[in-house]
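This report describes the enclosed and open spaces of one protein chain, together with the residues around them. Please consult the sequence and structure shown below while reading.

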Amino acid sequence: MTVGNLTATRPPQPWTAPTASDPVSATLRLPGSKSMTARALVLSALATGPSTLHGPLRARDTELMAGGLRAMGAHVSVSDDERWLIRPHPLVGPAHVDVGLAGTVMRFGPPVAGLAEGRVTFDGDPQARVRPLGPLIDALRALGVRIDAPATGSLPLVVQGAGRVTGGEVVIDASASSQLVSGLLLAGARFDRGVVVRHEGPPVPSAPHLRMTVQMLRAAGAAVDDGTPDVWVVEPGPLTGRGWEIEPDLSGAVPFFAAALVTGGEVTLQGWPRSSAQPVEQLRSLLQRMGGEVTLGTAGLTVRGTGTVHGLTADLSDVSELTPALTALAMLADSPSRFTGIAHIRGHETNRIAALASEFAALGADLTETEDGLEIRPRPLRGGTFRTYADHRMAHAAAVAGLAVPGIEVDDVTCTSKTMPEFPALWSAMVTNKS
């Protein structure tokens with residue numbers, strides 16, 4: 001079975017996932033949200049004045065986004081880890097944007113490049129060339145952007161920027177990724193006629209990320225109407241530079257919360273806001289159904305476990321990024337699980353459904369791929385090599401399983417630098433109670 005592979009950007013670093021001998025007890029301050037950091041960078045680069053990102057995520061994906069905007073002319077200073085400064089300048093080519101394996105860069109960047117004066121090229125890691133991009137290319141062409149791209153509708157591509165985009169109404173099938181819509185919306189206020197995006201097709205996954213896009217656009221001064229299902233209207237107008245407070249990354253926190261359930265311990269994520277743009281309630285419900293207790297207090301967002309994990313049936317379409325960690329949890333549960341609504345993650349950093357099925361089966365798991373998800377029947381696992389396919393979420397899944405299964409060796413833990421370079425050190429410190 002082929003699940004996708006790619007040439008590593010750095011030498012692979014094998015890592016044995018530590019096994020927990022005691023309940024974990026940790027209070028953590030994790031890096032900022034990748035999704036919020038990426039959106040704030042784009043909105044800041046398109047604003048009329050300077051912006052500051054407080055508590056941004058410094059990782060491969062966000063540095064590639066900053067680098068792409070910088071290549072097109074924006075001034076982006078990331079010298080201070082806690083405070084990034086963005087000063088907008090006229091966007092110009094020629095420029096080259098390395099997207100790495102970041103869906104945000106490959107889908108948010110081309111609409112911005114349409115506003116640049118000159119040629120902007122996009123390419124990235126080999127696996128990036130098979131990630132869904134065709135609907136965005138077709139939509140941008142319909143809005144007046146000249147794009148040269150392979151017939152497959154994929155990278156590499158060239159945007160021949162004219163310094164302006166006509167904009168208007170466009171129909172798109174965004175069932176492969178909500179980022180296809182977000183990319184159009186984020187730049188849409190700068191289009192001459194704004195943008196009206198109509199989705200036609202199967203449901204758009206990861207709806208909370210679209211709500212985040214709309215909230216952040218409004219915070220930057222854009223007029224956005226999302227009152228009609230599957231239709232988003234962004235009126236033309238200026239975007240305002242501002243200070244952005246970046247929340248801790250909820251998706252990155254999930255493996256740590258899973259550790260509380262597996263070991264019967266307690267993990268607190270510091271700095272969590274009372275009102276969040278991320279899908280906290282969906283996560284709370286899932287973890288509670290799997291046997292955890294989730295509370296939000298002055299110390300932060302806390303998850304407690306009993307040491308017993310329950311299986312569940314759940315539609316994960318809104319929170320598909322959580323699938324790998326939740327799959328690892330389900331492997332250790334006291335009853336079967338079924339996850340649905342996640343067919344689109346076959347087009348993520350790797351084919352995640354196939355990769356999870358393949359790697360956990362190699363450790364003795366009993367699980368089955370379905371058309372839109374996974375069926376998991378828990379049974380004892382054994383140690384062995386767990387391949388990541390350069391996918392950070394696969395490494396997270398292996399780490400969660402390793403809490404209860406000695407001898408799981410991750411073939412390349414450096415892939416976690418995509419969103420959390422500190423992951424191996426933070427994880428080991430938590431498991432050994434040295435956090």
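The lining of the largest pocket divides into 8 nonpolar, 4 polar and 7 charged residues. The model is a predicted one, and in it this pocket holds about 420 Å³ of space. Its lining comprises 19 residues, of which L30, P31, G32, G55 and E82 are the closest to the pocket centre. Because domain 1 (15–31 + 248–432) and domain 2 (34–234) both give residues to this lining, the largest pocket lies between them.

The two domains named here are those given by the domain assignment of the chain, with domain 1 spanning 15–31 + 248–432 and domain 2 spanning 34–234. Their C-alpha centres are 29 Å apart. Across the boundary, 20 residues of domain 1 are in contact with 20 residues of domain 2.

Enclosed space is considered next. The structure holds 6 cavities of 30 Å³ or more, and the largest cavity has a volume of about 390 Å³. A total of 31 residues line the largest cavity, and S35, Q179, S206, H209 and E321 lie nearest its centre. The elements that contribute two or more residues to this lining are α1 (34–45), α3 (103–113), α6 (207–219) and α7 (250–263). Both domains take part, since the lining of the largest cavity draws at least three residues from each of domain 1 (15–31 + 248–432) and domain 2 (34–234).

The table sets out the make-up of the two linings.

| Space | Volume | Nonpolar residues | Polar residues | Charged residues |
|---|---|---|---|---|
| Largest pocket | about 420 Å³ | 8 residues | 4 residues | 7 residues |
| Largest cavity | about 390 Å³ | 7 residues | 14 residues | 10 residues |

How does the largest cavity relate to the annotated positions? In an unreviewed entry, UniProt lists K34, S35, R39, S177, S178, Q179, S206, E321 and H348 under "binding site". From this set, K34, S35, R39, S177, S178, Q179, S206, E321 and H348 are found in the lining of the largest cavity.

Two of the residues nearest the cavity centre, S35 and E321, may be examined individually. S35 is placed in helix α1. With a relative accessible area of 11%, S35 falls under the 20% limit and is therefore buried. Apart from neighbours within four places in sequence, S35 is in contact with H209 and M212.

E321, by comparison, is located in the loop between β18 (313–315) and α9 (323–331). Is E321 buried or exposed? Its relative accessibility is 16%, so E321 counts as buried. When neighbours within four places in sequence are left aside, the contacts of E321 are S251, H348, R352 and R393. Of these contacts, H348 also appears among the positions that UniProt lists for "binding site".

Helix α9 follows the loop that carries E321, and T323 lies in this helix. The relative accessible area of T323 is 0%, so this residue is buried. Not counting residues up to four places away in sequence, T323 touches L316, I342, I345 and L356.

How values were computed
Residues are numbered from 1 along each chain as its sequence is written. This is a predicted model: local features need pLDDT of at least 70, side-chain atom pairs count only at pLDDT 80 or more; totals for chains, interfaces and linings use all residues. Side-chain values use heavy atoms; hydrogens and water are left out. On a 1 Å grid over the protein atoms alone, a cavity is a set of points where a 1.4 Å probe fits but cannot get out, and a pocket is an open set with protein on both sides within 12 Å along at least five of seven lines; lining residues have an atom within 4 Å of a point. Grid points are joined across faces, edges and corners, and a volume is the space filled by probe spheres set on the points. Helices (H or I, at least four residues) and strands (E, at least two) are DSSP runs, numbered from the N terminus. Ala, Val, Leu, Ile, Met, Phe, Trp, Tyr, Cys and Pro count as nonpolar, Asp, Glu, Lys and Arg as charged, and the others, Gly among them, as polar. Domain bounds come from an automatic or database domain assignment. UniProt positions are given in the numbering used here, feature names are shortened, and annotations may be inferred rather than shown by experiment. Buried means under 20% relative accessible area, exposed over 50%, partly exposed in between (1.4 Å probe, protein chains only). Contact means heavy atoms within 4.5 Å.
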